[in-house]
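Visitor: I'd like a close look at one part of this model, the stretch towards the C-terminal end, with enough of the rest to place it. Could you walk me through it?

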Amino acid sequence: MAQIARSLAHSGTPRTQLLSIQYLRGLAALSVLVTHALQWPLAEMNVVLLKTGRLGVDVFFVISGFIITTIAGDGRFNPKEFLVRRGFRILPAYWAATFLITILAIAIPAQFRTTIPTTEGLIKSLLFIPSLEPKAPLLLLGWSLNFEVF
């Protein structure tokens with residue numbers, strides 16, 4: 001986060017304004033975390049928790065988009081260069097986590113309520129193609145990357 005703050009300081013926008021946005025983004029992420037932590041043990045969906053989590057997701061995405069465009073620099077934006085850098089940064093970890101969840105779901109299926117890995121589901125997960133049958137992404141958090149790729 002400190003590296004982002006340093007990068008933001010060079011964008012021409014006052015550093016304190018951007019740090020306050022980072023704090024808001026942190027609160028949004030925290031609201032999602034709290035929603036997941038409180039919702040998981042409940043037998044039924046809690047609408048208030050669900051709305052709190054969704055609001056946190058929306059705020060987080062809007063702020064992240066703003067920060068990404070701010071730190072992109074003052075020059076011309078090159079979408080291809082951005083996507084290549086983002087891919088090298090995110091894909092290895094996402095693919096590793098997807099393979100890990102697939103292996104665990106095969107090895108100990110009783111620990112996974114809805115993750116039933118299939119070859120097609122794994123391929124769709126790795127290629128960011130959402131699907132209900134077979135389930136994809138296998139790694140639940142992959143839904144946010146599906147939106148980003150879309």
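Guide: Here is the setting first, then the part you asked about, then a few other spots. Keep in mind that this is a predicted model, so everything below is a reading of a prediction.

The protein has six helices and zero strands, so the run of elements from the N terminus is simply α-α-α-α-α-α. Of its 150 residues, 29% count as buried. About 10,800 Å² is exposed, and carbon and sulfur atoms supply 70% of that area. If you look at contacts with a sequence separation of 6 or more, 46% of them link residues 24 or more positions apart.

How far to trust it? The mean pLDDT is 82, with 87% of residues reaching 70 or more. Among the elements, helix 5 has the highest mean pLDDT, 94, while helix 1 (residues 2-9) has the lowest, 48. Over residues 4-9 the pLDDT is below 50, though the model still gives this stretch 13 contacts beyond near neighbours in sequence. Your part of the chain includes helix 5, the element with the highest mean pLDDT.

Now for helix 5 itself, which covers residues 119-126. Thr 119 belongs to this helix, and with a relative accessible area of 61% Thr 119 is exposed. Next along is Glu 120, which shares a salt bridge with Lys 124, at 3.0 Å from N to O. Why can these two reach each other? Glu 120 and Lys 124 sit four residues apart in helix 5, so about one helical turn separates them. As a rule, an α-helix has 3.6 residues a turn, so residues three or four places apart point the same way. Add to that the fact that side chains of opposite charge can pair when their charged atoms come close. Glu 120 is not hidden away while doing this: its relative accessible area is 43%, so Glu 120 counts as partly exposed.

The structure holds two salt bridges, and the other one follows a similar plan in helix 4 (residues 79-107). Glu 81 pairs with Arg 85, with the closest N and O atoms 3.0 Å apart. Both residues lie in helix 4, again four residues apart, or about one turn. Glu 81 is partly exposed at 45% relative accessible area, and Arg 85 is partly exposed at 45% as well.

Helix 4 also gives you a link back to your region, through Thr 102. Is Thr 102 buried or exposed? With 9% relative accessibility, Thr 102 falls under the 20% cut-off and so counts as buried. Setting aside neighbours within four places in sequence, Thr 102 is in contact with Pro 117, Leu 122 and Leu 138. You can set Thr 102 beside Thr 119: the two are 17 residues apart along the chain, and their C-alpha atoms are separated by 9.8 Å. One threonine is buried, whereas the other is exposed.

Past helix 5 comes the loop that leads to helix 6 (142-149), and Pro 134 lies in it. This loop is where the backbone geometry deserves a check. Phe 128 lies in the loop, and its phi is near 65°, a positive value in a residue other than glycine. Phe 128 also counts as buried, at 15% relative accessibility. Further along, a cis peptide bond joins Glu 133 and Pro 134, with omega about -5°. Another cis peptide bond joins Ala 136 and Pro 137, where omega is about 10°. Pro 137 is in the loop between helix 5 and helix 6 too.

For contrast, here is helix 3 (residues 47-71). Helix 3 has 25 residues and reaches 36 Å from first C-alpha to last, close to the 36 Å expected at 1.5 Å a residue. Asn 46 caps its N-terminal end, placing a side-chain oxygen 3.0 Å from the backbone nitrogen of Val 48. The buried residues of helix 3 include Gly 53, Gly 56, Ile 63 and Ile 67.

Notes: Residues numbered from 1 in each chain as written. Predicted model: local features only at pLDDT ≥ 70, side-chain atom pairs only at ≥ 80, totals over all residues. Heavy atoms only, no water. Helix = DSSP H or I, 4+ residues; strand = E, 2+ residues; numbered from the N terminus. Buried < 20%, exposed > 50% of the residue type's maximum accessible area, 1.4 Å probe, protein only. Contact = heavy atoms within 4.5 Å. Areas by Shrake-Rupley, 256 points an atom, 1.4 Å probe, with all protein chains shown as cover. Salt bridge = Lys/Arg side-chain N within 4 Å of Asp/Glu carboxyl O. Expected span 1.5 Å × (residues − 1). Polar contact = N/O pair within 3.5 Å; in protein donor to acceptor, adjacent residues only side chain to side chain. pLDDT = per-residue confidence, 0-100.
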